[in-house]
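Please follow the chain through the model shown here, beginning with one helix and moving from there into the sheet.

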Amino acid sequence: MKINIVMVEPEIPQNTGNIARTCAITGAKLHLVYPLGFKIDDKYLKRAGLDYWDKLDIEQHDSLQKFLEKYKPEENNMYFATTKAQHCYTDINYCTFKDDEVFILFGKETKGLPEELLQKYIDKTIRIPMRPVLRSLNLSNSVCVITFEILRQIGFEGLEGKSKYFS
């Protein structure tokens, strides 16, 4: 399975750097949807991603509209991460996409994904359970939680399960 992490208009370079590192480590493809709240050569972005940038599969998109035209939600396994979702991220059986791709979209830190997009694809929205008195998890943590749930469901395919240091 190919996991695609789609960052729609991310604003904080450190979050995007951490997400890039998660994508490199797991083999997920990172999609950056413009406009970004920083320059792609931002030192904080690079520092958070450490030395993994050359191991990253990354695609950049001029706008959300252009991304959706290229990767049509109706023709792809696409889910929209939001605190306003009806479904928990663990409710999805990602194993059904084992021979295909899955796209998980995440919105900007301050506003999330556009409301009209969420309404249009409400049955494809997913959320991470949390206490009702708090707003949300950090964006890079959310990406990590959902990415590793997908990988867990497919048996961590393509990843080392045991440490080479203590085998």
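**From helix 5 into the sheet**

In this predicted model, helix 5 (residues 139–153) has 15 residues, which at 1.5 Å a residue should span 21 Å, and the 22 Å between its end C-alpha atoms agrees with that expectation. The buried residues of helix 5 include L139, V143, I146, I150 and L151, together with polar ones such as S140, S142, T147, E149 and Q153. These buried residues pack against strand 1 (2–8), helix 1 (13–26), strand 4 (77–81), strand 6 (101–106) and strand 7 (125–127). Just after helix 5, G155 adopts a positive phi of about 70°.

The sheet itself is open and has seven strands in the order 3-2-1-6-4-7-5, with parallel pairing. Strand 3 (57–61) and strand 5 (87–88) each have a single partner strand and stand at the edges, so one side of each is left without a neighbour in the sheet. Strand 4 and strand 7 are joined in the parallel sense by two bridges, and A81 stands opposite I126 in strand 7.

Strand 2 (29–33) pairs with strand 1 in the parallel sense over five bridges, with L32 as the bridge partner of M7, while five bridges also join strand 2 to strand 3, again running parallel, and V33 stands opposite H61 in strand 3. In a regular strand the side chains alternate between the two faces of the sheet. In strand 2, K29, H31 and V33 point one way and L30 and L32 the other, and all are buried. Helix 1 lies across strand 1 and strand 2, running at about 150° to strand 2, and strand 1, helix 1 and strand 2 form a right-handed β-α-β unit.

Terms used:
Residues numbered from 1 in each chain as written. Predicted model: local features only at pLDDT ≥ 70, side-chain atom pairs only at ≥ 80, totals over all residues. Heavy atoms only, no water. Helix = DSSP H or I, 4+ residues; strand = E, 2+ residues; numbered from the N terminus. Expected span 1.5 Å × (residues − 1). Buried < 20%, exposed > 50% of the residue type's maximum accessible area, 1.4 Å probe, protein only. Contact = heavy atoms within 4.5 Å. Pairing = 2+ DSSP bridges. Axes fitted to C-alpha atoms, helices over the stretch in contact; angles between N-to-C directions. Right-handed = clockwise from strand over helix to strand, strands pointing away.
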